[in-house]
Every structure is written in C-alpha cells, then in structure tokens.
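Q: Please take a close look at one loop residue in this model and at the helices around it. I would like a connected account of that part.

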Amino acid sequence: MNKKLAAALSGSAVLMLVLSGCGGDDGDEKANAWAKKVCDQWQPELKKIETANADIKRVATESSKPDEVKQTDAAAFATMSESYKTMGSALQQAGVPPVKNGATTQEAAVKGFEATSKGYADLKAKMDALDPADQTKFADGLKEVAGGLQEATKGGQDALATLNAGGLDKAINSQKGCQVAATSASPK
C-alpha cells in the first residue's frame with residue numbers, strides 16, 4: 001500500500017533532478033549573479049526536500065507500522081511545504097531576473113512554488129486525518145494521498161519550466177547551490 005506512495009514520490013524527485021543540470025557556460029554575468037542569490041538560498045531547502053523524500057521512501061520500502069508511516073509522511077510533507085514556500089520567497093527576494101519578461105517570469109515561478117507548498121500542506125493534512133488503527137481505511141487513505149502527489153508537485157515543476165523558458169536555465173544550472181546529485185534522489 002505504501003509502495004504506491006513511494007512510487008508517486010518519484011515524481012517529486014523528478015522536480016529536484018530538473019535542478020541537477022550539467023552546468024552552463026559563462027554567458028550572462030547578471031543572470032549568473034541573480035541565479036547565485038537564488039541558488040544559495042535554495043541549497044538548504046533542496047537538501048531538506050531530498051531528505052524528506054528519502055524518509056518517505058524508507059518507510060514505504062521497509063515493513064513499517066502504519067503509525068510510523070503516518071508520522072514520517074506527515075513530517076516529510078510539512079518539511080516539503082515549508083521548503084517550497086522558502087524557495088518561492090528566495091525568488092521574490094532575489095529581485096526581477098535580468099531576462100526578457102523577467103517580472104512575469106519571476107511572478108509565475110513564485111506562484112508555482114507557492115502552489116506546491118500549499119499542495120504539500122494539503123497532503124500533510126490528509127495524512128494527519130488518517131487513522132492508522134483501521135488498516136483498510138489507512139491503505140485507502142494512502143492511495144488518495146499518493147494520487148494527490150502529482151497535483152502537489154505540478155506548481156513547482158511549472159515554476160522550473162517557467163524559469164528555464166525565461167532563459168535562466170543555464171544560469172541556474174551552473175550554480176552549485178542548485179545542483180542536486182542524481183544518485184541521492186534514489187531510495188536508500
């Protein structure tokens with residue numbers, strides 16, 4: 001039952017892997033300086049998201065008791081919600097990116113991260129409402145939570161796509177703070 005949740009979480013790992021680009025050229029110094037501001041603030045949040053994903057996958061692949069699954073997943077969703085909110089704030093604080101339609105790009109990306117933050121907060125609320133004592137209802141509830149993961153991550157994926165389409169992909173991918181090791185997104 002919880003393996004479906006772990007499989008669905010692979011989608012949020014994809015969101016992190018989008019940031020693991022190979023690095024760009026030395027192109028636009030202004031864009032690189034802007035991206036550095038953003039990525040320096042994103043780095044601790046990306047690590048928290050990575051750890052939260054690993055925790056969910058760990059309890060999904062082990063023979064964990066429903067209480068532990070509920071507690072671990074709810075805590076992970078709370079962490080992810082806060083991290084995506086912080087990532088949106090970092091974009092806002094960095095100022096308008098120095099690209100064509102920078103203000104529009106920034107606004108759309110911030111809204112995307114806020115949507116993902118809200119999505120994970122909603123998933124946490126659903127996890128909190130599950131009763132681990134009733135295993136049948138708990139399993140059904142986990143399926144519902146797993147089904148909501150794609151919708152929860154959509155805003156963040158859209159935000160990254162917006163930044164990439166806005167011409168910031170090379171600048172962001174060249175920053176060490178935005179690079180996430182692809183192997184660390186796999187289950188432990």
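A: Asn-101 counts as exposed because its relative accessibility is 51%, and the cut-off for exposed is over 50%. The model is predicted, and the backbone at this position is computed from it. Asn-101 lies in the loop that joins helix 3 (66–93) to helix 4 (102–129). Its phi is positive, about 60°, although Asn-101 is not a glycine. Most residues other than glycine have a negative phi. A positive phi of about 90° is also found at Gly-95, just after helix 3.

Helix 3 itself has 28 residues, which at 1.5 Å a residue should span 40 Å; its end C-alpha atoms are 40 Å apart, so the two values agree. For helix 2 (29–61), the 33 residues should span 48 Å at the same rise of 1.5 Å a residue, and the end C-alpha atoms are 45 Å apart, which agrees. Helix 2 bends by about 35° at Trp-42, with the proline Pro-44 following within four residues. At the N-terminal end of helix 2, Asp-28 acts as a cap: one of its side-chain oxygens lies 3.1 Å from the backbone nitrogen of Lys-30.

Trp-42, the site of that bend, also belongs to the largest nonpolar core, which has 41 residues. Trp-42 is one of the five that touch the most other members, with Trp-34, Phe-77, Met-80 and Leu-91. At least two residues of this core come from each of helix 2, helix 3, helix 4 and helix 5 (135–173). The two helices on either side of the Asn-101 loop, helix 3 and helix 4, are thus among the contributors.

Technical notes. Residues numbered from 1 in each chain as written. Predicted model: local features only at pLDDT ≥ 70, side-chain atom pairs only at ≥ 80, totals over all residues. Heavy atoms only, no water. Buried < 20%, exposed > 50% of the residue type's maximum accessible area, 1.4 Å probe, protein only. Core = buried A, V, L, I, M, F, W, Y, C linked by side-chain atoms within 4.5 Å. Expected span 1.5 Å × (residues − 1). Bend = angle between axes of the 7 residues up to and from the residue. Polar contact = N/O pair within 3.5 Å; in protein donor to acceptor, adjacent residues only side chain to side chain.
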